[in-house]
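Me: I would like to learn how to read a structure with several chains, taking one feature at a time. Could you go through it with me?

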Amino acid sequence: MTRSSLLGQRALALGIGMASIAVSLLLTALIILAVGASPLEVFNKVTEGIGLTPTGLDMVRFSGVVNFWIPLMFVCTGLLVTFTAGLWNIGVEGQMMFGAVCATWVAQEVFLPTVVQVPLEMLAAALGGAFWAALTGLLKTRGGVHEIFGGVAMNNLANIFSIYLISGPWGNQGGQATPPFRQETLLLPMSSEFRVSAVALILMAVVFGGIFLALSGTRWGLELKAQGHSQRSALLLGVPVERNVLLAMALCGFMAGLAGSVRVLFTYGNLRPLVSGGIGFLGLLVVLLTGTRALWAPPIAFFFAAILGGSTRLKIALQLDQSLAGVVQGILVLMVILANGVRGRLRGRHPAQAPEPSASLEAEEAAIHG
Amino acid sequence: MSVEVRHIHKTFGAVHANDDISLTFADGRIYGILGENGAGKSTLMKILSGFYLADSGQILIDGRLVHYDTPRGAIEVGIGMLAQDPLDVGPLTVLENFVYGQPVGPLPDWQAARRRFAELAERLGFRLEPDMPVERLSIGQRQELEIIRLLALGVRVLILDEPTTGISAEQKSVLFASLQRLAREDGLTILFVSHKLEDVLELCDEVAVLRLGRLVGTAVMPVTTGELVAMMFGQALAPPSRRAATPGDTVLEVQDLFMASERVVMRDCQVCVRAGEVVGLAGLDGSGQQLLTRACVGLARPLGGRVLINGVDMTGRPYRDFLAAGVSFGAAGRLEEGLVAGLTLAEHFILTDAGQGWWIDRERGRQIAEERIAHYRIMGRPDSPIETLSGGNQQRVLMALIPPAPRLLVLEHPTRGLDVESARWIWEQILARCAAGTAVMFTSADLDELVTYSDRILVFYAGQVTEVPDARSVTVDELGHLIGGQRVGEEAGR
Amino acid sequence: MDSELARVLGSVVANATPLVIASLGETITERVGVINLSLDGSLQLAAMVAFVTAYASGNAMLGLAAGLIAGLLVALLILFSNIALRQDQVAVGFVLTLLAADLAQFLGQNYTRIPGPTFPTIPIPLLRDIPFLGTVFFNHNALVYFSFILLAATWFVMYRTRWGLALRAVGERPAAAFARGTNVTRTRYLYTAIGGALVGVAGASYSLAIKAGWANPAVMRGDGWIALAIVIFGGWHPLRVAFGAYLFTGLRALASTIQQTTEFPLVLVNAVPWVLMILTLLLVSSGLVERLMLLSPPWAQRLLRNFLRSAPPVALGTQFTRE
């Protein structure tokens, strides 16, 4: 390929990318207009919600964005593993919730010094998430139930279980949440200005780095990649496909559990219904965009966290439903996916590899007949 | 109805699959289209039957120029093709498959269709149960259904693409008899595509030979085998030379194997394969061979009986344990089973390299890949994604992934769809391993391949396994009768 | 207590209507080889659109039409991105699941918990007076009757007409369909549109009849996933699928009845559908049926094949390209 055509393709890709974002913004504006609000005002409130003010960065609000980013990154890290293995771990929401339930149990029932207590809570959450994910994995490997359906069911079961606990055994009279946890059981903010947990932030960075290395450098990472592309062929090449499915699911659940623990131990300080707050699904959207290019995950996740953080102001300031964040994120992802398709079309499909006459024609038939 | 093709050209990428082919076919005659796999005969037939559009050239019917670019269009001018794997719809019943595609109204008259189907089947001597789902039929029965269907569509030119692969001798003689009747009595033009000389010699009135995309000659029967061979190959190719097998210890022992699939139940199957010998598994598709091969590598769990590798009971153990015990498996030789699109060549070698540690040594992977690329003469680099390799080179990679001397090598259809050169090459590799002491067991639908390479042949019929007493002297015709259910030693008359 | 039982069964029939329509729609879509994974979102979006349109126009029929169009557009978007843009059906479907649900919630935010037009109950003369059956089947709104007709029509078209042959062939083996002159792309668009429109009707039948009105969070949340699971449970056969939808609704009703007479916590009753979903999918997907079939006599094999076996259309989720 010549340099100029490569440049041309870069320009084309960039142009289509910009166009898809522009279309997304336009659609969002129309939707906002449809409910009788002003897109400009919404934009202002969202940027305000992120902490971008004319006088500079409002650290308190900005830390709100970071506090969405941290659990989202935990989830994305886990989902990179399942995505590489070709698994749709839609059950990540439930894994967060079950992790949060486990962390809550330790927070309420165990009394130890903070340095032991908090790690124990997080470990319980991680193991709980891993357990919940492994159940979905077992349903798939042993029961033939696709992980999408297993995951959806397990999401709802985790949610119902947490509501049951909140409204019954663990609840206070209102039934809206558990009583606030003791101070010693919580993750603490760095400062009163920058209200972000240092422990969670560092752990997130370590975990992400570790998974990135595991996926790119180890034999196990290569095995996952192989079975993600073709489970059947990977099996014949000697990859322990079934074990890897369970491992990948459990590992992702582990991360989701950690994300859940951050939500209860830092964001809320108690257990609430739907404690995952859609962050698990958002993680799936992020990973859909990045594919297996792990290094793209942090910036994209941050962008999505900013939309989420910014839109928390909408309800109070403009009486607009917070679901707008989901609408914007969904439209963006959809447009990027469609744009990928458009780019593929404009570039023309890869001309089929010049087949040797030998196996090729038969292979074509085989491909059609499966 | 006569058909003429003039100056047909068709290329796929760099391959000139049809290079200036001109032929005329008259009605009432049976033409053999002969050539090795990859000679371009399937391409030409797909152009005639509307699946491909020729890059250039003309098709004339009864002297009149016709244009079409869909199978439907071909049917409308009277040309229909029976594909090697018949293009039918598995879960639909025989009758539904028959009606689907006929020019009927939105509400077909099912009773009338049933009568018409029975009538046509009767005339051709085919016995088919109209309410049976097609997925439960054998290849031979599906071919019969497809012929009935095409005739009902009013086809006057019937193309058959390699119809004798995978059917028994009885099914073949029924097929040949009905084709002859269609040509003689109904005046149909029949194009019989094959790479098997004896079938063409037995059935056809005229023959056209293709090689490497070009028409190399036509002849009116009778012609001698020698003439045809010379046209097909340029020069005659002998199979790789074989020393007499001196089998060693028993490597694979199967005792009282009990397995079942939807189509067949296999009980009390006993098999034994020794080091250095080649055991061929013959039988119609779905007669139990695949159950055996899958059980012997740990990909299917037997319902009863035992599988021993080197005397160790491996029954019910996973595939990986079989690999560790020195078993290698090649499934049907296709990209979907064995190679991972999306991974590079080097990554394939890393995955199968026991010497790789927990942390991947990419340099070692690259070196091994380069070694194998050189040794197996693969056109590709260590970092080439596997899907960018040509089919023949992917075959070579599959072979390169098999260790140099496994204890047991189990192969399903090792050369299906390969051209003669590639098939030869594959067998050289297999026999080299065999000479080094590997026990080989393979399935094939190609009776020639079974007869040529097997030291012993096991015949599968409806789950029953019998050994051919003297595999080195059995003929293709005898084997054809055996896979059709005839007992060993029974008279081959009909 | 004949009439009491009839009343209960009648309410099961009514309450199952959206599930029946949605899962039949999805069955049609999947039988041509297309997965519309967006059901859970599409149902909510269609319900909201239908309610808001009906509320604004005062006309329930207009609402129904609007819901139908919403479902149809979502389904077509999935197929368009698959056929024209070569994107994965499951990926696009998943994004649309979330997006449609959020859109419904955001656009419908000013219309929650207000009364609007509904489809009235229309007892069918004469038939209504049949003892027992009249109460169970013939004392409902028009959408319930529509679901009866839909079920019969789907079965008839699929198994008795030329169109049904093409429909099934396209989902099983597009290459064979193409060889017989069926336009695979057009067939897929047609039936995906019909299936999506039915999902839209199902959504509208919540907000205009069974659970009239619009609320936040949407009352039918989760039912889309249930409908998708019912299609698998029903083995992609319209009669079995409809049976699955009625069975499911019946068991759900049974669970809440049991709850009322025991100490069982109310919230945990909500878990019943999801436990049922897992159990039914396990039953048909775990290979248990196949294993039973291998070892059972022929008559039992046929029974198992027809009632419990569940094999997806072979070409489900794949793309078709001419050679």
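Reply: What follows is a short dialogue on a contact between chains, a sheet, a set of domains, a helix and a loop residue, all read from a predicted model.

Me: How many residues of chain C are in contact with chain B, and how should I describe that side?

Reply: The size of an interface is often given as the accessible area lost when the parts come together. Here we can describe the contact by its residues: 16 residues of chain C are in contact with 20 residues of chain B. On the chain C side, α7 (162–172), α8 (174–179) and α14 (288–295) each supply at least two residues, and α7(C) gives the most, with 6 residues. Sorted by class, that side of chain C has 8 nonpolar, 2 polar and 6 charged residues.

Me: Which order do the strands take in the open sheet of chain B?

Reply: To read a sheet, one follows the strands across it and then looks at what packs on it. The open sheet of 4 strands in chain B runs in the order β12-β11-β14-β15, with antiparallel pairing, and its edge strands, each pairing on one side only, are β12 (265–274) and β15 (312–313). Within that sheet, β11 (residues 250–260) and β14 (residues 304–309) of chain B pair over 5 bridges in the antiparallel sense, and Val254(B) stands opposite Val307(B) in β14(B). Helix α9 (residues 289–297) of chain B packs on the sheet, where it touches β11, β12 and β14 of chain B, and its direction makes about 125° with that of β11(B).

Me: What domains does the assignment give for chain B?

Reply: The assignment gives domain 1 (3–233), domain 2 (237–326 + 403–494) and domain 3 (344–402) of chain B. The C-alpha centres of domain 1 and domain 3 of chain B lie 40 Å apart.

Me: What span should helix α11 of chain C have, and which of its residues are buried?

Reply: One can compare an expected span with the distance between the end C-alpha atoms. At 1.5 Å a residue, the 24 residues of α11 (residues 238–261) of chain C should span 34 Å, and because the end C-alpha atoms are 35 Å apart, the two values agree. The buried residues of α11(C) include Pro238(C), Val241(C), Phe248(C) and Arg252(C).

Me: Why does Phe132(C) count as partly exposed?

Reply: Phe132(C) has 13 C-beta neighbours inside 10 Å, and therefore counts as partly exposed. Phe132(C) lies in the loop between β1 (121–123) and α5 (133–137) of chain C, and although 128 residues separate Phe132(C) from Glu4(C) in sequence, they are 9.4 Å apart in space, C-alpha to C-alpha.

Technical notes. Residues are numbered from 1 along each chain as its sequence is written. Chains are lettered from A and ligands numbered from 1 in the order in which they are written. This is a predicted model: local features need pLDDT of at least 70, side-chain atom pairs count only at pLDDT 80 or more; totals for chains, interfaces and linings use all residues. Two residues are in contact if their C-beta atoms, placed from the backbone, lie within 7 Å. Ala, Val, Leu, Ile, Met, Phe, Trp, Tyr, Cys and Pro count as nonpolar, Asp, Glu, Lys and Arg as charged, and the others, Gly among them, as polar. Two strands pair if DSSP finds at least two bridges between them. Axes are lines fitted to C-alpha atoms, for helices over the stretch in contact, and angles run from 0 to 180 degrees between N-to-C directions. Domain bounds come from an automatic or database domain assignment. The expected span of a helix is 1.5 Å times one less than its number of residues. A residue is buried if 20 or more other C-beta atoms lie within 10 Å of its own, exposed if 12 or fewer, and partly exposed in between; C-beta atoms are placed from the backbone.
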